[in-house]
Amino acid sequence: MDVIDLARRLIRIDTTNPPGRERDALDLLAPLLSSGGARVTLDRFDEGRGSLVARFNAGHRAPALCFAGHIDTVPFGGQTWSHPPLGAEEAAGKIYGRGASDMKSGIAAMCIAALEMIAEGMDRELALYVFGGEETGCTGSFHALADPALLGEPGAVVVAEPTSCRPLLGHKGALWLRCTATGTTAHGAMPELGDNALYKAVDAIRAIRDIDWAVPDHAHLGPMTLSVNTLHSGMNTNSVPDRATFDIDMRTLPGQHGPDIVDRIIRAAPPGTIAAQLLDIPAVWTEPSEPWIESAFQVLTPLLDAPPAIETVQFFTDAAAFRRALPDVPILVLGPGDPAMAHQTDEYCAIREIRQAVRLYKAIGAAWAAAPDNP
Ligand SMILES: [Zn+2]
């Protein structure tokens, strides 16, 4: 099958998350990949939802070269599209639709690249991971990769998220917390009889803002950040609130761990403040001097529009689930589509980039197969 046909067929399948319904798209990919020789396993995590792992040359003595991505998309949004979001219409060298950039074109490119490599005689293990649930916190990848049988033995990972076909080396992690302060309610005319939870939350927010994390900026990922982004409290004007909640969005750096950060926040906040983790996704970073990254940059250079630079991704990806399972596996994020198109109205992907991605993945595969002692 042609890569553009596959991308268009995937875009026409509604995998908007929520609710997800990734199975409809996996049911298209599973027979395609197994007819090319892959051993395909489905990992269900909810009704109609799941991820797919396809292994070619499973059981090869050397670790696998892995390609990964997600098949779910964000909702269409409230604006009117000039090309229908499930239409996969082609215009001016672009394919339009929800998921065109993020990231059904990347999924199509990695599947077609793998099928072609195998048909052309690739004898190393190739593993493809098509995850569900990425857009709501990498649910599918954390679920699948917690199972050692599905994780397998990755030697290197390419995550096919949209990067305009530039190889990128990582991204910050994300730690989302919901904090709660509790008190005692009372009539608003007699506040001295209550214990105002909102005042406690405000004190906690101020204390959390003032924490000196003493975490140096990462040379390429930048600073860790913390932002308190919601605050909810109170039922009515004339009652002292007995409960206040606020959400914190932290973007973390390599080496920072969710539980340690929560500990620090609880120690800084007034006694009684509780913090529950909504999301804990580790940062991803591979040094450019890592041997596989060096060799990948070398084989990619003649096929790229510009030489590879040391660059990172703004958003988190399923790479985080690989990083949590395998602290040392080298990871590249590289895929067709403009990252600025992700989640936009009239999302599109340039056809040229989808075809370029197939060539890039095959070049990485050829170098992997040619290396005598991988990894
Ligand atoms: Zn994505």
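User: Where in the chain does Cys165 lie?
Analyst: Cys165 lies in the loop between strand 7 (154–159) and strand 8. The model is predicted.

User: What makes the phi of Cys165 worth a remark?
Analyst: Its phi is near 60°, a positive value, and Cys165 is not a glycine. Most residues other than glycine have a negative phi. Cys165 therefore departs from the common case.

User: Which kind of peptide bond joins Asn17 and Pro18, and how do you know?
Analyst: Omega is about 0° there, and the bond is cis. The next bond, from Pro18 to Pro19, is also cis, with omega near 0°. Most peptide bonds are trans. Pro18 is found in the loop between helix 1 (3–12) and helix 2 (23–35), and Pro19 lies in that loop as well.

User: How is the protein chain divided into domains?
Analyst: Domain 1 takes residues 3–171 and 283–370, while domain 2 takes 173–281. The C-alpha centres of domain 1 and domain 2 are 35 Å apart.

User: How do you know that domain 1 and domain 2 are in contact?
Analyst: Contact requires heavy atoms within 4.5 Å. By that rule, 13 residues of domain 1 touch 13 residues of domain 2.

User: What area do domain 1 and domain 2 bury between them, and on which atoms?
Analyst: They bury about 990 Å², with 71% of it on carbon and sulfur atoms. On the domain 1 side, Ala283, Trp285 and Phe316 supply 52% of the area buried against domain 2, more than any other three residues.

User: Why is the meeting of Arg324 and Asp280 called a salt bridge?
Analyst: The cut-off is 4 Å from a side-chain nitrogen of Lys or Arg to a carboxyl oxygen of Asp or Glu. The side chains of Arg324 and Asp280 meet at 3.6 Å, N to O, so the pair qualifies. Arg324 falls in domain 1 and Asp280 in domain 2. The count of salt bridges between the two domains is 1.

User: How many residue pairs are in polar contact across the interface of domain 1 and domain 2?
Analyst: The rule finds 1 such pair. The elements that give two or more residues to the domain 1 side are strand 8 (170–171), strand 13 (284–285) and helix 9 (319–325). By class, that side has 8 nonpolar, 4 polar and 1 charged residues.

User: Why are residues 170–267 called "Peptidase M20 dimerisation"?
Analyst: The name comes from UniProt, where an unreviewed entry places that domain feature at 170–267. An annotation of this kind may be inferred rather than shown by experiment, so the name alone does not settle the matter. In the model, the stretch 170–267 is 23% helix and 32% strand, and its end C-alpha atoms are 31 Å apart.

Definitions and conventions:
Residues are numbered from 1 along each chain as its sequence is written. This is a predicted model: local features need pLDDT of at least 70, side-chain atom pairs count only at pLDDT 80 or more; totals for chains, interfaces and linings use all residues. Side-chain values use heavy atoms; hydrogens and water are left out. Domain bounds come from an automatic or database domain assignment. Buried area is the accessible area (1.4 Å probe) that two parts lose on being put together, summed over both. A polar contact is a pair of N or O atoms within 3.5 Å; within protein, one must be able to donate a hydrogen and the other to accept it, and residues adjacent in sequence count only if both atoms are side-chain atoms. Helices (H or I, at least four residues) and strands (E, at least two) are DSSP runs, numbered from the N terminus. Ala, Val, Leu, Ile, Met, Phe, Trp, Tyr, Cys and Pro count as nonpolar, Asp, Glu, Lys and Arg as charged, and the others, Gly among them, as polar.
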